[in-house]
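Hello,

Here is the structure I promised to pass on. Please have a look at it first, then read my notes below.

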Amino acid sequence: MGSRYAGRIWRVDGAGLRYNRTMSAATHAKPLIYMVEDEPAIAGAVSFALEAEGFRCLHVSTGADCLQALRDETPALILLDIGLPDGNGFDFFRQIRAVSAVPVVFLTARKEEIDRVVGLEMGAD
């Protein structure tokens, strides 16, 4: 059974997630980073920067999509927003930890120190 994500690079633009191209063998050698972010402008800027540094980036806008993608392929890192349309990033972090030890870094625009403290206490990287 094939993955709907495997073998493809997805890019984010103003219209959302779009298929870009089929991966080459050289692309597969690049570390994969999942970015779970619901704001297209943020996702586009971060994806661009990561790809410019030699990473593959899979952007999903919900925690549920991240969990589905995680079943298909394990990334080198997950960048996880705290405020997602389908739930709290902290809750999705717990679900990720139940199935994987992949490093997770919270990506958020929140300014409250408590959000950083909670994420670190939960075991985020």
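The notes below cover the sheet, the helices on it and the nonpolar cores.

Bear in mind that this is a predicted model.

Start with the sheet. It is open and has four strands, in the order 4-3-5-8, with parallel pairing. Strand 4 and strand 8 stand at the edges. Each has a single partner strand, so one side of each lacks a neighbour in the sheet. From one strand to the next, the twist averages 20°.

Two helices to look at next. Helix 2 (residues 40-52) packs on the sheet and touches strand 3, strand 4 and strand 5. Its direction makes about 165° with that of strand 4. Helix 4 also packs on the sheet, touching strand 5 and strand 8. The direction of helix 4 makes about 170° with that of strand 8.

Now strand 5. Four of its five residues are buried, so the rest of the structure largely encloses it. Four bridges join strand 5 to strand 3, and four bridges pair strand 5 with strand 8. Leu-79 is the bridge partner of Met-35, and Val-105 in strand 8 is the bridge partner of Leu-79. Leu-80 has Phe-106 in strand 8 as its bridge partner.

Last, the cores. The largest nonpolar core has 20 residues. Among those touching the most other members are Tyr-34, Cys-66, Leu-80 and Val-104. Elements giving two or more residues to this core include helix 3 (63-72), strand 5 (77-81) and helix 4 (89-99). Apart from it lies another core, of six residues, including Ala-43, Leu-50, Cys-57 and Leu-79.

Best wishes

Notes
Residues numbered from 1 in each chain as written. Predicted model: local features only at pLDDT ≥ 70, side-chain atom pairs only at ≥ 80, totals over all residues. Heavy atoms only, no water. Core = buried A, V, L, I, M, F, W, Y, C linked by side-chain atoms within 4.5 Å. Buried < 20%, exposed > 50% of the residue type's maximum accessible area, 1.4 Å probe, protein only. Pairing = 2+ DSSP bridges. Axes fitted to C-alpha atoms, helices over the stretch in contact; angles between N-to-C directions. Contact = heavy atoms within 4.5 Å.
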